[in-house]
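This briefing walks through the strand pairing and helix packing of one protein chain. Please keep the sequence and the coordinates open while reading.

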Amino acid sequence: MIRHKRISLGVLASAIIAAWTPVSWAAEPFVVKDIRVEGLQRVEPGTVFGYLPVKVGETFSDDKGADAIRALYNTGFFKDVQIRSEDGVLVVQVEERPAISQLEFVGIKEFDKDTLRRSLRAVGVAEARYYDKALIDKAEQELKRQYVARGYYAADVQTTITPVDRNRVSVVFNVDEGPVAKIRQINIVGNKAFKEGALRDEMQLSTPNWLSWYTKNDLYSKQKLTADLEALRSYYLNRGYLEFAIESTQVSITPDKKDIFLTLNIKEGDQYKVSDIRLAGELLGKQAEMEKLLKLQKGEVFSSEKLTQSTKAITDL
């Protein structure tokens, strides 16, 4: 019989799981007469019972003790779990993690707060969920990532955690958005068939001009750059450059995080012309009618846009 002897205790889950050695903490197995859970505030006792690998009437051992501690820690509900025996009664002593009672944002102008709450929920941070510093740190990085995606490279996020009643905490994200980075220069390298100015005209992003206050196109964002790269690709494909490729993009920012320099390295390849056009498949006697719908003609420079228009016109026939 084991009386008031701690079987396997720990403070941190990782330490318990890594350092658990039944030989070092050997205890005589015993038949469980009853199970008592202590320290619960919000978690239901049934939740704890559901994770225990032993029931009343079964034999408890060191191995099952390790399994129980590991399972309870893995729920994320507890920051400390201890197990002991008292005259055949298995006592599970737990300390719950604080719950997040309130999630607030201070200093945010660029984003809708409800949108941010949904974004943070995806990384595990939300009101009524358990507080986990690692997840809060992850949430800070997620906020910074979203600001960077909109060109706010100088954005700073600091989190304040304030304990409140009933083992809960208030979480406040204090944000200093800083200035949005503006594009000072766009360089396109590798173009031979078209002038750099003509290619830049195809892009949304631009250096500051008299309309920038309205268009905001001098404000860098990854989404706009992605759209501009696709616009350049379409420009070349519609002019016969089937092998066109964007080999690399470099986005550099000044130390004060206010100015951006953008460089696009492209490979044009050769220009292709249409050598022949043939219709194949089930034409249903409509070949002549279909041929009239073709936007491409033999000998013309190939155009991806005209090919798409021709295909759609024939499909809609």
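Which residue in strand 9 does V106 stand opposite? The residue opposite V106 in strand 9 is N174. The model is a predicted one, and the points below take up its domains, then a sheet in which strand 9 takes part, then the packing of two helices, and finally a further sheet with its own helix.

**Domains**

- The domain assignment of the protein gives four entries, namely domain 1 (30-96), domain 2 (99-176), domain 3 (182-267) and domain 4 (275-316).
- Taken over C-alpha atoms, the centres of domain 1 and domain 4 are separated by 73 Å.

**The sheet with the order 7-9-8**

- Strand 7, strand 9 and strand 8 form an open sheet of three strands in the order 7-9-8, and the pairing within this sheet is mixed.
- At the edges of this sheet are strand 7 (99-106) and strand 8, each of which pairs on one side only.
- On average, and with direction ignored, neighbouring strands of this sheet are turned by 20° against each other.
- Strand 7 pairs with strand 9 in the parallel sense over seven bridges, and within strand 9 the bridge partner of A99 is R168.
- Helix 4 packs on this sheet, where it touches strand 7 and strand 9, and the direction of helix 4 makes about 135° with that of strand 7.
- Strand 8 (residues 156-164) and strand 9 (residues 168-176) run antiparallel and are joined by nine bridges.
- Within strand 9, I161 has V171 as its bridge partner, while P163 has V169.
- Strand 8 and strand 9 form a hairpin with three residues between them, and in the turn R166 has a positive phi of about 55°.

**Packing of helix 4 and helix 5**

- Two packed helices are described by the angle between their axes and the distance between the axes.
- For helix 4 (residues 113-121) and helix 5 (residues 133-149), the packing angle is about 130° and the axes are 10 Å apart.
- Angles over 145 degrees count as roughly antiparallel and those of 65 to 115 as roughly perpendicular; helix 4 and helix 5 are therefore oblique to each other.
- The crossing of helix 4 and helix 5 is right-handed.
- On the side of helix 4 the contact involves L116, S119 and L120, which meet A139, E142, L143 and Q146 in helix 5.
- Sorted by character, the residues of the contact of helix 4 with helix 5 comprise four nonpolar, two polar and one charged.

**The sheet with the order 10-12-11**

- A further open sheet of three strands has the order 10-12-11, again with mixed pairing.
- Strand 10 (182-189) and strand 11 (245-253) stand at the edges with a single partner strand each, so one side of each is left without a neighbour in the sheet.
- From one strand to the next, the twist of this sheet averages 15°.
- Strand 11 and strand 12 (residues 259-267) run antiparallel and are joined by eight bridges, and in strand 12 the bridge partner of A245 is K267.
- Helix 8 (residues 222-237) packs on this sheet, touching strand 11 and strand 12, and the direction of helix 8 makes about 30° with that of strand 12.

Notes: Residues numbered from 1 in each chain as written. Predicted model: local features only at pLDDT ≥ 70, side-chain atom pairs only at ≥ 80, totals over all residues. Heavy atoms only, no water. Axes fitted to C-alpha atoms, helices over the stretch in contact; angles between N-to-C directions. Helix = DSSP H or I, 4+ residues; strand = E, 2+ residues; numbered from the N terminus. Parallel < 35°, antiparallel > 145°, perpendicular 65-115°, else oblique. Left-handed = near helix turned anticlockwise from the far one by under 90°. Contact = heavy atoms within 4.5 Å. Nonpolar A, V, L, I, M, F, W, Y, C, P; charged D, E, K, R; others polar. Domains from an automatic or database assignment. Pairing = 2+ DSSP bridges.
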